[in-house]
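Got your viewer open? Load the model and get ready to click through a few selections with me.

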Amino acid sequence: MNKTILCVGAGIFQYYAIKKAKESGLRVFAIDKDEHAPGIALCDNFMPVSTKDIDAAIKAAKSLNKIHKINGVMTCGTDVSYTVAHIAKALNLPGIPPETALKATNKGIMREALKKGRVTVPEFSIINNLKDAISAAKKLKYPLVIKPVDNMGARGVRKLSCDKDLIVAWDEAFKYSTCKNIIIEKFVDGHEISLETIVENGKVHLVTIADRIIASSPYFIERGHTIPSIRPVNELKAAFQMAIKGIKALNITRGPVKFDMKLSSHGPIIGEMTARSSGGFHSQLTEPLATGMSSIKAVIDLALGFPLDISDITPKFLHAAAERSIYPKPGVVTSIKGVEKARAMKNIAGIFLNVREGDTLFPLKSNIGKAGHVVGFGNTRKEAIKTTLNAVKAIHIKTAEK
Ligand SMILES: Nc1ncnc2c1ncn2[C@@H]1O[C@H](COP(=O)(O)OP(=O)(O)O)[C@@H](O)[C@H]1O
Ligand SMILES: [Mg+2]
């Protein structure tokens, strides 16, 4: 065990990165505000610090660095690349500058940077009060989308069709913004994909493209994703070219970059881009299950300053995998049945439940608060989806009105 990596976050998505790092023979340190985070048990050292508190995170990294010299810092599946970049700068580790990470985190700064780099973005306006929002909406014209510039998981994001919607949505969006800046932008219609890349010395490598199922308008709730995408090759190639443009516009030269993209009738449009690997069990499970690749291993190598091992992101096979969420009726959970049966089903790779009997499930307005997720795989897309949905069906979560 010669090298040490610090993982920012030890939650379920970072658990897979921590596990991969341990399997690679690394010493692993982590920080997370949750002292019961699942990744902690695998770590060699841990400090209970919020991944969003940059000063505290740097301080923790410096004290862990005294215990054992840290050679790299990373995250996986959560929007803390700004913290990662600050730690990398403070400890002189490989990575991207904090200013670049901020462009890939704050949706307002991102939209400005993309526009400056001549990347087509939906017309947008950044505002901090409802009065200005109403004037901006008048100029932009409905349908629009409102979102806080600095959150994730579709918190506070909503489609708007009229001023009345905007007035109702404003407080929710505002509540979810720490810096109190809100974007309203033109609604873009089209199929949504999640596109994952790895960048080394400015060269962009495509990892995977997943189809996303988004439902529950006016909210944008992800019901699941599937690899590979069902869209025609020419559309996917155009999406990758758009990703390269976005990466150049933000000047990201190293590490993972993950996109939410809309395949609109005018071509691909970047919804958002983040300088970290995907969450939602995409880089963690569906990617390795469908392709045999491990982009997480590539991210670890790059964080440590090693060259990219291209075999990590070269498909070993072209199968399929799907993730679907579980969303029972809102209410108090009175019984949960069928989980073990579902878990034992053929080609089911994971069942993740977020609820227990007695918990309350609220109507979903974002990706937070789902009852659980199922991940399955198969030789074909159809097979993977069928297997996953069968397992979802086998799980019975009963709820009663509160
Ligand atoms: N301009 C838009 N047009 C259509 N849908 C959008 C737009 N902006 C966001 N969405 C939808 O809202 C979801 C969440 O928005 P996003 O910008 O990705 O924020 P988050 O960081 O919370 O994921 C997207 O996955 C997409 O389905
Ligand atoms: Mg998103």
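Leaving aside its neighbours within four places in sequence, which residues is Q14 in contact with? Select Q14 and show what surrounds it: you should pick up C7, V8, G9, D32, T75, C76, G77 and T78, once the neighbours within four places in sequence are set aside. Keep in mind that this is a predicted model.

Stay on that side chain for a moment. One of its polar atoms lies 2.9 Å from the backbone oxygen of C76. Now switch on a surface: Q14 has a relative accessible area of 6%, so it counts as buried, the cut-off being under 20%.

Next, colour helix α1, residues 12–23, which is where Q14 is found. Q14 has buried company in this helix, including F13, Y16, A17, I18 and A21. To see what those buried residues pack against, select the strands β1 (4–8), β2 (27–31), β4 (72–74) and β16 (348–353), then add the helices α9 (282–291) and α10 (295–303).

Here's a quick check with the distance tool. Put it on the end C-alpha atoms of α1 and you get 17 Å. The 12 residues should span 16 Å at 1.5 Å a residue, so the two values agree. Then move on to G25, which follows α1 and has a positive phi, near 85 degrees.

Finally, zoom out and colour by domain. The domain assignment gives domain 1 (4–93), domain 2 (123–186), domain 3 (189–318) and domain 4 (321–400). Drop a centroid on the C-alpha atoms of domain 1 and another on those of domain 2: the centres are separated by 33 Å.

Terms used:
Residues are numbered from 1 along each chain as its sequence is written. Chains are lettered from A and ligands numbered from 1 in the order in which they are written. This is a predicted model: local features need pLDDT of at least 70, side-chain atom pairs count only at pLDDT 80 or more; totals for chains, interfaces and linings use all residues. Side-chain values use heavy atoms; hydrogens and water are left out. Helices (H or I, at least four residues) and strands (E, at least two) are DSSP runs, numbered from the N terminus. Buried means under 20% relative accessible area, exposed over 50%, partly exposed in between (1.4 Å probe, protein chains only). A polar contact is a pair of N or O atoms within 3.5 Å; within protein, one must be able to donate a hydrogen and the other to accept it, and residues adjacent in sequence count only if both atoms are side-chain atoms. Contact means heavy atoms within 4.5 Å. The expected span of a helix is 1.5 Å times one less than its number of residues. Domain bounds come from an automatic or database domain assignment.
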